[in-house]
Structure formats: structure tokens, C-alpha cells
Amino acid sequence: MEYKSVNKELTDYIKDKIFPEYAKNDKGHGILHILEVIRRSFELKESLNLDYLDDDMIFAIASCHDNGKYIDHKTHEKIAAERFYANQEFKKFFRDEQRKIIKEAIATPSITFTNINITSKISLWSFEVIMEN
């Protein structure tokens with residue numbers, strides 16, 4: 001997995017510190033699922049010509065969206081969002097406004113492209129639904 005448009009330090013950090021957490025989730029929400037969500041997210045961005053969306057943010061949302069699902073399946077979106085936002089390392093890569101948008105996108109999987117201002121917010125759960133349909 002190599003996304004040249006994404007900050008290499010960000011991808012390295014996520015690969016080293018976030019991806020190993022997915023071994024704790026059920027197989028359906030493990031690292032293979034995350035890698036597929038990342039791939040499909042960038043595929044969707046390209047196919048819809050959404051060049052103005054921030055690749056680092058897309059990568060972070062897709063990479064973190066199920067982080068902590070093993071803790072509680074029913075509230076995992078909120079858990080994943082809080083884990084992202086509390087992680088001080090992400091401050092190196094994102095401004096506070098970006099971190100809030102990423103947190104909201106992770107916490108609100110029912111958001112769709114039609115419900116949001118796509119120039120400032122993005123939900124990868126919506127990417128999954130769109131790509132599966």
C-alpha cells in the first residue's frame with residue numbers, strides 16, 4: 001500500500017501505530033477491511049473527480065474508522081473518533097479544524113455526501129456504502 005499523495009510520515013505512523021490495533025478486532029473489521037476501505041476511498045475520489053478533497057484526511061479517516069471496534073461494537077464509531085482525537089501524534093499532521101472534521105466523519109458513519117458540505121467534511125462509511133451498491 002503506497003499512496004504517494006499522502007504524507008509519508010503520516011502513512012508510516014498509521015502503519016506502525018494504528019494498523020496493529022486492528023488485530024484485536026473481528027476478522028471482518030481487521031486490517032484487510034481497512035486496506036480495502038482506503039483503496040476504495042481513493043478510487044471513489046478519483047472516479048468522482050473530487051480532487052479538492054485532502055488525501056491526508058481521507059487516509060486518516062479510512063485508517064481510523066474502526067479503531068476500537070473490539071471494545072464495543074455498538075459504540076465503536078464514537079470510540080474510534082475519540083481515540084483519533086485524543087491521539088496527540090495526529091496534531092503533527094493536522095490543524096485543529098481538520099482534526100475536528102476527521103473526528104466527526106469517524107463518529108458519524110451515517111453521514112452521506114448529500115448531507116454534508118463535501119469541501120470540508122467527508123465520511124468514509126459513505127464511501128463503503130456507495131462502493132458496495
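From the N terminus on, the elements of this predicted model run α-α-α-α-α-α. Color the chain by secondary structure and you should find 6 helices and 0 strands. Buried residues make up 48% of the 133 residues in the protein. Of the contacts with a separation of 6 or more, 60% join residues 24 or more positions apart.

**Stop 1: color by confidence**

Switch the coloring to pLDDT before going further. The mean for the protein is 82, and 80% of its residues reach 70 or more. Which helix has the highest confidence, and which the lowest? Helix α1 is highest, at a mean of 97, while helix α6 (residues 124–132) is lowest, at 43. Now select residues 111–133: pLDDT stays under 50 over this stretch. The model has 49 contacts beyond four places in sequence for residues 111–133, so please keep the pLDDT of that stretch in view when you look at them.

**Stop 2: α1 against α3**

Select α1 (8–18) and α3 (55–64), and hide the rest for a moment. Their axes are 11 Å apart and meet at an angle of about 5°. An angle under 35 degrees counts as roughly parallel, and α1 and α3 are therefore roughly parallel to each other. The residues of this contact divide into 6 nonpolar, 2 polar and 1 charged. To see them, show side chains for L10, T11, I14 and I18 on α1, and for D56, F59, A60, S63 and C64 on α3.

**Stop 3: the nonpolar core**

Bring the other helices back. The largest nonpolar core has 31 residues, and F90 and F94 are those with the most contacts inside it. Helices α1, α2 (31–47), α3, α4 and α5 each supply at least two residues of this core. Which helix gives the largest share? That is α3, with 7 residues. In soluble globular proteins, nonpolar side chains tend to be buried together.

Center the view on F90. Beyond residues up to four places away in sequence, F90 touches L10, Y13, I14, I18, C64, F84 and R99. Keep I18 and F84 displayed, as both come back below.

**Stop 4: along α4**

Select residues 76–86, which form helix α4. Its buried residues are H76, I79, A80, A81 and F84. What covers them? The cover includes α3 and α5 (96–107).

Zoom in on F84, which sits in helix α4. F84 is buried because its relative accessible area, 1%, falls under the 20% cut-off. Leaving aside neighbours within four places in sequence, F84 is in contact with A60, C64, F90, F94, R99, I102, K103 and I106. For a distance to try in the viewer, pick the C-alpha atoms of F84 and I18: they are 9.5 Å apart in space, though 66 residues apart in sequence.

Next, move to R83, also found in helix α4. Is R83 buried or partly exposed? At 28% relative accessibility, R83 counts as partly exposed. With neighbours within four places in sequence set aside, its contacts are E21, N67, G68, Y70 and I71. The C-alpha atoms of R83 and K103 are separated by 8.9 Å, and the two residues lie 20 positions apart along the chain.

**Stop 5: three asparagines in loops**

Start with N67, one of the contacts of R83, in the loop between α3 and α4. N67 counts as buried, at 5% relative accessibility. Beyond its neighbours within four places in sequence, N67 is in contact with I18, E21, Y22, I79, A80 and R83.

Then select N87, in the loop between α4 and α5. At 15% relative accessibility, N87 also counts as buried. Setting aside neighbours within four places in sequence, its contacts are Y13 and I18. Show I18 together with N67 and N87, since I18 is in contact with N67 and with N87.

Finish at N49, in the loop between α2 and α3. Is N49 buried or exposed? N49 is exposed, with a relative accessible area of 56%. Check its backbone too: phi is near 55°, a positive value in a residue other than glycine.

Technical notes. Residues are numbered from 1 along each chain as its sequence is written. Side-chain values use heavy atoms; hydrogens and water are left out. Buried means under 20% relative accessible area, exposed over 50%, partly exposed in between (1.4 Å probe, protein chains only). Helices (H or I, at least four residues) and strands (E, at least two) are DSSP runs, numbered from the N terminus. Contact means heavy atoms within 4.5 Å. A nonpolar core is a set of buried Ala, Val, Leu, Ile, Met, Phe, Trp, Tyr and Cys residues joined through side-chain atoms within 4.5 Å. pLDDT is the predictor's confidence in each residue, from 0 to 100. Axes are lines fitted to C-alpha atoms, for helices over the stretch in contact, and angles run from 0 to 180 degrees between N-to-C directions. Angles under 35 degrees count as roughly parallel, over 145 as roughly antiparallel, 65 to 115 as roughly perpendicular and the rest as oblique. Ala, Val, Leu, Ile, Met, Phe, Trp, Tyr, Cys and Pro count as nonpolar, Asp, Glu, Lys and Arg as charged, and the others, Gly among them, as polar.
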